[in-house]
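Here are some notes on the model you sent, set out as numbered points. They deal with the packing of the interior and with one of the cavities.

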Amino acid sequence: MSPKAVRAPLPPADAGMTTGHDERNLGRLGLISAQKTVPATLRTWSRDITLPDGRPASILCSVSEGQTVPHGLDNDVMVGLISLCFEAGLPSDGKFSTSAYRLLKACGFPTTVQYYRILEEALKRLTDAKYTIKEGWFRQGEQMWSTQMFSQIMYLAYNARSALGGGSVITVRLADPITENLRAGYIKPLDVGFYTSLSQPLVRALYRQLDARRFDEHRSDGLAPGFQVGLRDWAASLGILSQRSDKVREALSGAHQELVERDYLQDAKWSGRGMSATLEYVFADLPQTQRPELVEMMLARGVKRGMALRLTTLFPDRIPEAARRFDRYLQTAKTPIGNRGGLMVAMVTRPEDYAGLDDAGLSPAPSSTERPARPPRTRAQREQDEAQLEARNEAEVAVLSGQALLDWVLRQLSLTGVLKHLNALDRSRLGELVLHGQIDGRQLVRRALQSLSQGPAAQDEVRAELRQLLDGTWSPAVGS
């Protein structure tokens, strides 16, 4: 690898989301070719893979006559759909609706006519392509490798007379194996803001696969310093079609350079010749957190340091509430918690699953060996820490504006259960009103939070006030 170039970091893309999740099979298997384009006649591909435990498996992809296999920007569309599936509360049947505009933003795409057309074609490919994964799909619920046959999108519908546009409502149903694993927690955090800021489909696909391997739950700190992979297997995993080693090296070298310049990789080293060469990836150190007290809060509850650092970067606003929920449950749990760290991670990454937590309604996460938690702090110390965190959070929220403010408002409304009562067009309208200052997002969140302790009638009142705002009727209680 050439010496690290001196260049200012690239600005983040104009994405509708900055944080999200990835289903771990999808991040690892590379079902969508990373190439920007593929031959129009390419309707099938197959490859053999090796599972993390060393066993062989295989993948076959095929599409209908006149269609091409998923590729390029289709990766970004799947990332956007997974993010929106979480935003919709992980519906049990995997079906949810969104506006085409919202999906474009979740993908990190510009909202131009060209990209609406790109989005429509990507959705069609993802619906048409059939995958057979033999003994290579991990089912979290059963804790086993399995054979699965599915399309990543099992159902697609949208209202468009000729082509997708900003007002189009899209309804999709993700494949059952995908949604089952999302609900079962077979996920890892994905820095969507970083992902969408990368320059090319190949760089983004490479980052997604690298990130899937970086977080290793079997290591004591949850982080892999790097790994080695054969060039032939790696090219196949990324969907690079060329069998010429010089072409593959050229494509990957540019992607490596960008990830080094963005401080994600420390180095990418080649050894050997031709397609039998080996690549060794060395990850850069994770950036030092600006919120060390949140990392300590996670460590004290059994979370491994690598995951604690990532979650503190992605979801800092969720951690104090998750810690309070965790501690309340710990005080009243009738059965021992085998995997304390896993439960804490779940409360941070899937807060909607625990928003209505009661002592009898939570099943502990699967048992695993974890290092002992640090000694608990006294009640007075915890209350002081929490008061300081709340004051800091309020100060940070006070300076938010634009898309950052909207992201925060939508996250809080999701946690309070308000967002699930809005359809796709309502959510799009809410976003426009918050961005243009016609709704005070902070006040709306305060009202929603207060209503949680005031009972169902108060919650219904907040939803009615929001409905009046979306319909154009001014409501001082929420909008002033």
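1. Leu119 is a good place to begin reading this predicted model: leaving aside residues up to four places away in sequence, Leu119 touches Val77, Ala100, Leu103, Leu104, Leu164 and Ile170.

2. Leu119 also belongs to the largest nonpolar core, which has 51 residues, and is listed there with Val77, Met78, Leu81 and Leu123 as the residues that touch the most other members. Helix α2, which spans residues 74–87, gives the most to this core, with seven residues.

3. A second core, separate from that one, has 33 residues, and among them are Ala34, Tyr195, Phe227 and Val229. As general background, nonpolar side chains tend to be buried together in soluble globular proteins.

4. Turning to empty space, the structure holds five cavities of 30 Å³ or more, and the second largest of these has a volume of about 90 Å³. Which residues line the second largest cavity? The lining is made by Leu26, Gly27, Gly30, Leu31, Ile32, Asn75, Gln152, Ala205, Arg208, Gln209, Ser237 and Leu238.

5. The elements that give two or more residues to this lining are α1 (24–29), α7 (201–214) and α8 (231–238), and α7 gives the most, with three residues.

6. By residue class, the lining of the second largest cavity divides into five nonpolar, six polar and one charged, where the glycines are counted as polar. Arg208, being an arginine, counts as charged, and Arg208 is one of the lining residues.

Technical notes:
Residues are numbered from 1 along each chain as its sequence is written. This is a predicted model: local features need pLDDT of at least 70, side-chain atom pairs count only at pLDDT 80 or more; totals for chains, interfaces and linings use all residues. Side-chain values use heavy atoms; hydrogens and water are left out. On a 1 Å grid over the protein atoms alone, a cavity is a set of points where a 1.4 Å probe fits but cannot get out, and a pocket is an open set with protein on both sides within 12 Å along at least five of seven lines; lining residues have an atom within 4 Å of a point. Grid points are joined across faces, edges and corners, and a volume is the space filled by probe spheres set on the points. Helices (H or I, at least four residues) and strands (E, at least two) are DSSP runs, numbered from the N terminus. A nonpolar core is a set of buried Ala, Val, Leu, Ile, Met, Phe, Trp, Tyr and Cys residues joined through side-chain atoms within 4.5 Å. Buried means under 20% relative accessible area, exposed over 50%, partly exposed in between (1.4 Å probe, protein chains only). Contact means heavy atoms within 4.5 Å.
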